[in-house]
Amino acid sequence: MDESSGGAQTPRLTARGARTRSRIIATAADLMRLRGVSATTLDDVVIASNVSKSQLYWHFEDKHALVGAVIEFVGDRTIAAERARLGSVKTFAGLRRWRDTLVETNGPQGGRYGCPLGSLANEVADQDSIARQKLHDLFSAWQGLFEDLLRRFQKAGVIPCQADVSQLAIGLLAAVQGGYLLAQASRDVAPLASAIDMTLAHLRLLGSEAHL
């Protein structure tokens with residue numbers, strides 16, 4: 001058998017093994033999003049992903065290893081989605097469409113599950129330094145997408161060229177994460193919309209100053 005564990009060794013997987021590993025990770029990610037990391041057991045993952053315990057332990061030596069794989073999976077998916085949404089935004093109208101998509105996507109759920117990355121960070125950051133670093137890197141990548149967008153705004157004269165894009169990007173990311181958290185607590189996406197709207201209003205104010 002060519003499948004190997006989720007430990008320090010480099011995985012050598014058959015095509016079937018790769019599919020099994022991917023299914024385990026995707027199933028665990030869904031369960032952890034719905035129930036939380038702490039409340040999701042390896043037995044839950046075995047049942048939901050329709051694999052045996054031996055298959056799960058072949059790929060992941062323990063829950064710690066599985067959580068690390070889930071963070072990478074959720075992170076890659078989240079950043080890819082944001083890159084697709086933000087990558088071509090060059091105007092306030094485009095940024096507003098990004099905002100509308102984010103709010104509408106979470107509307108049917110009433111914001112109850114929060115941000116996929118933020119929820120993981122709340123649960124594991126204080127218990128697992130390696131996971132915390134992975135999450136930090138992912139949030140940094142998200143911040144980088146906002147910085148790239150704001151630099152495009154500067155190049156187009158939408159905001160002043162002297163504006164601190166790093167601080168503005170942190171503000172955007174904090175608005176998104178804070179909005180997610182408030183929406184989750186209230187079961188209402190209105191706080192998410194309001195938090196982002198306040199940040200966009202600040203950017204518009206900067207833009208108006210740029211044309212004085």
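Here a colleague asks a modeller how some labels on this predicted model were reached.

Modeller: Local features in this predicted model need pLDDT of at least 70 and side-chain atom pairs count only at pLDDT 80 or more, while totals for chains, interfaces and linings use all residues. Residues are numbered from 1 along each chain as its sequence is written, and side-chain values use heavy atoms, leaving out hydrogens and water.

Colleague: Why is Asn-50 called exposed?

Modeller: Exposed means over 50% relative accessible area, buried under 20%, and partly exposed in between, with a 1.4 Å probe and protein chains only. Asn-50 has 66% relative accessibility, so it counts as exposed. Asn-50 sits in the loop between α2 (42-49) and α3 (53-59); helices are DSSP runs of H or I with at least four residues, numbered from the N terminus.

Colleague: And why does Arg-187 count as partly exposed?

Modeller: Its relative accessibility is 47%, so Arg-187 falls in the partly exposed class. Arg-187 follows α8, and its phi is positive, near 55°.

Colleague: What makes a positive phi worth pointing out in Arg-187?

Modeller: Most residues other than glycine have a negative phi. Arg-187 is not a glycine, yet its phi is about 55°. Asn-50, also not a glycine, has a positive phi near 60°.

Colleague: How do you know that the span of α8 agrees with what is expected?

Modeller: The expected span is 1.5 Å times one less than the number of residues. For the 22 residues of α8 that gives 32 Å, and the end C-alpha atoms are 31 Å apart, so the two agree.

How values were computed: Helices (H or I, at least four residues) and strands (E, at least two) are DSSP runs, numbered from the N terminus.
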